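User: Hi! I'd like to walk through this model with you before I set anything up. Could you take a look?

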Amino acid sequence: MLSIVVSAQDFAPVVHNVNKAQEVSDYIQVRSQLERFQLAQPQLSLATYYLTYVDIQLSLVTPDADKKTKYLAEAETYLNKLSELKDIDKSEVFTLKGLRLYALMASDPQVNGPKYSGEIISVYATALAINPNNPRAIILAALFKDDMAKYLHKTYESFPKDIEKASVLFAAQDSTMLTPTWGKSWVDFALSKK
Amino acid sequence: MKKMSLLLLLLYAGVFSSFAQQFKVEGKVLNEQSKPLPNANVFIKGTIDGASTDSLGNFSFTTNKQVEMTLCVRMLGYAEFNTQISDKKSTALVLNMKPDNITLDNVVVSAGNFRVKGNSQFGKMSAVDIVTTAGSTGDLYHSLRTLPGAQMVGESGKLFIRGGDSNESQTYIDEMHVLSPYTATGDNMPVRGRYSPFMFEGINFSTGASSSEYAQGLSSVLALNTKDVSPIIKIGVNASSVGFSGGGTRAFEKGSVSLNLDYQNVKPYYSIVPNKYDWVKPYQLFSGSGQIRFNPNQTTVFKTFVGYDKTSFIQHIASSTNQPTRNLAFNDENFYLNSTFQKTTESGYKIFAGGAFSLKNQHVDDALIATDSYRNKEWEIHLKTKVSKRFADFLRLNVGLENFFRHNDIVYSYASTVHTDSINHSISALFASAIFNINSNLYAELSDRVEYTSINNMWRSNPRLSLTYNMKNGVHFSGVVGQYTQLPENKYLLTKNDLRTENCMQYVGGIYYETKNKVYRAETYYKKYNDLVLEQSSSLTSDGYGYSKGLDLFFNDRALFKGFEYMLAYSFNLAKRKYLDYTELSTPQYATIHNATVSIKYNIPALKSILGVTNRFASGRPYHDPSKSGIMNSTTGFYNSVDLSLTYLVSQKVIIYTSATNLLGRQNTYNYNFTNDTTNPDRYMKTPVTDSSKRFFYIGIFITLSGKTAYDVSNF
């Protein structure tokens, strides 16, 4: 019991670092911290969860093409591990799957767009089917649908409504909790696109 | 009170004691070239005490003293480094890292294998990639013919791989054998695969030297894995130039049920596009497929897949020198069912068990001559179980058992004569493999398959050895040596039960280069066949033999030109056999020396379209001209086809797919049929075997009806 309390107290600052990371160096630092937690406490599923998230973010922000591939490959390995864990929120896992596919697509949109776009929509739909109030799934799905609508020279009519819903849900999150709270920056990004 | 004081005293003592036992760990991390390695993660194993190295590779942190302490260093792209330290030996450390090994779970033996959609870098193709390849006409087997090793046998449509006959290629769905993977058609009508590529998550195509787990395939194995549980509802319909289909998936809490129905009728198409067939009743196909998937927990999967199709047509065959006119009436029913169970235990054992049932029932009237009748009923039961486990970082073991029960009845009647034949037999096998590291770059797989075939009472042991050597920068070498066996086809076993099991010794090796956007492969092979069926003096023996050798080249690049993806495949093959009715060692009629495919895809975002162009070439095919001496004494002209495809995204839920095969209308000749010239017995009438129509056009519209998916043409 004592070790779990110690872990939670030690883990909270790491989660805080994940949420405020912006540069490659920030993500690499917090990745190292998460890795130590994940190896020392494999039953701490949140460590695996956040490692997956940070690897995906690193693939998006790092300029090194070879490292992008490696981070995405590692994220896939962690996602497979998450799928086997019992105490993890499945909606959050599918949201991360969608984010990873988006990162794959972003590495070469012209070639990877047709390959992954169907699957991305499907995976976000799954996340929302499990939890319709997952703000991360809402905002990421909305951003992707808006991009695809533009590609088809159309408008995604529900974009403002989705941003509004995600904003309200993010505002209601308890930031002291260790459960996933990232994603507010995507709302800010969405608002800048409107 | 005293107890509380004592407790507090102990607590403070413990606190001060722990502070007294903290010490510093510091040092430097270097790469394989002894240069500083920044951002490496250095920590005490089992704790969260650690730090990242700075730009000079230096690290420093404090930790509490423990009895045994392992200092661990991890860095993306490098193998984990571990060393024992103590409070007396914890400073001025210099730690040297080495580049990463691929883990055993990711080892994919490359020789003879194409993994489509899997963990390997090469496995980035999907069902969408397959169907948007020009010339595939949405068919999995047609698209596989663009890969090196596959030969262009256009009048058949089946897979002929590296000089091997089509019956030497086997198909598996979820590890279970499919007796009859192709649709039923008449003579010189190319077949298609029974199952849509969109049903499958994983497609693993082996052009030779396949795993010991797969049975009875001398040339190739196509292993297909269906999709896992779908947690969302999908409904879709499609209409095309040859039919329409619809289906969907219903999701439940721990599983899903999928169903797809398909109807094809070529009458509307052939009323517009001229073709050489004279239909009395045009080709029709009705098919249905379904799947139930159930995950009671995260580590257990149950799947059941079922497919049924019924084909019928009546084709008018004009009279010839030898035969009067007749109406060939063809009816075929095919049923396939498989159920599988997979579980990963807490101790890491992966358990698999499965059963499959295949049934084919064919009825042809006016099959060979007017008023005759041919009935062919064939079924197979396949049972399989296997266990695998990784025992250490360097060793993984797989063991399995399987059994095939096969039955075949034929009845041929003409006038008052009825000829029947029937066989019942089984194949039992035990297979085992061990994959292990010899060193950090070299992997080996040693396996064997021991098989007993009841029909000829033969035991065979088929050992196999593969080696994979990984160099840096995505280059690796792979080689396989293995023996493979296969029973002769039923049509020969029905005549002579004790024919020996055919066998093929295969040697495959190559060099492979894979990065995120490129795959380059060069592979050479030699196959030695023995105990092939040979007709001698009107009786069958197992004295046939042959060989096949060649070189396959493959280039796939998604980065050379922005927006373009190109694929180049070239095969050089020299094959000779003395088998069936060949009186001397000769090149088989289906084998061509040179096969080449160039395939280009271009994504045009402004037009919301993907354009595909494929140019396929094959050198002339040998054929037997009875007016000349010897056999396979002549060669057809070369084969060439330019195919075009266009995929257009109308909206999120509507996709239009169009393709044109052999756009330039070249008359490709695959073979010649010879009949006696009634005016001159020394002369023969020669009729070319060609495609039914010069060009084939396909247009299909795919509509997603359900609310949650888009750009997803799969109903499974």
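User: Which element of chain A has the lowest mean pLDDT, and which the highest?

Analyst: Helix α1 (residues 2-20) of chain A has the lowest, at 69, and helix α8 (residues 159-171) of chain A the highest, at 94. Here pLDDT is the predictor's confidence in each residue, from 0 to 100, and helices (H or I, at least four residues) and strands (E, at least two) are DSSP runs numbered from the N terminus. This is a predicted model, where local features need pLDDT of at least 70, side-chain atom pairs count only at pLDDT 80 or more, and totals for chains, interfaces and linings use all residues. Residues are numbered from 1 along each chain as its sequence is written, and chains are lettered from A and ligands numbered from 1 in the order in which they are written.

User: Where in chain A does pLDDT stay under 50?

Analyst: Over residues 1-6 of chain A, for which the model has 0 contacts beyond four places in sequence. A contact means C-beta atoms, placed from the backbone, within 7 Å. Where pLDDT is low, the predicted coordinates should not be read in detail. For chain A the mean pLDDT is 85, with 94% of its residues at 70 or more.

User: OK, new topic. How many residues of α6(A) are buried?

Analyst: 16 of the 22, so α6(A) is largely enclosed by the rest of the structure. Buried means 20 or more other C-beta atoms within 10 Å of a residue's own, C-beta atoms being placed from the backbone.

User: And where does helix α6 of chain A bend?

Analyst: At A:Tyr116, by about 50°, within residues 109-130. That is the angle between axes fitted to the seven residues ending there and the seven starting there.

User: How many residues of chain B are in contact with chain A?

Analyst: 35 residues of chain B, in contact with 32 of chain A. The elements giving two or more residues to that side of chain B are β2 (41-44), β3 (50-52), α2 (127-131) and β34 (639-651).

User: What does β34(B) pair with?

Analyst: Strand β31 (residues 609-618) of chain B runs antiparallel to β34(B), joined by 10 bridges, and B:Phe617 has B:Asn640 as its bridge partner. Strand β35 (residues 654-661) of chain B also pairs with β34(B) in the antiparallel sense, over 7 bridges. Pairing takes at least two DSSP bridges between two strands.

User: How many residues join β34(B) to β35(B)?

Analyst: A hairpin joins them through 2 residues. Across this pair, B:Thr647 stands opposite B:Tyr657.

Key:
Buried ≥ 20, exposed ≤ 12 C-beta atoms within 10 Å, placed from the backbone. Contact = placed C-beta atoms within 7 Å.
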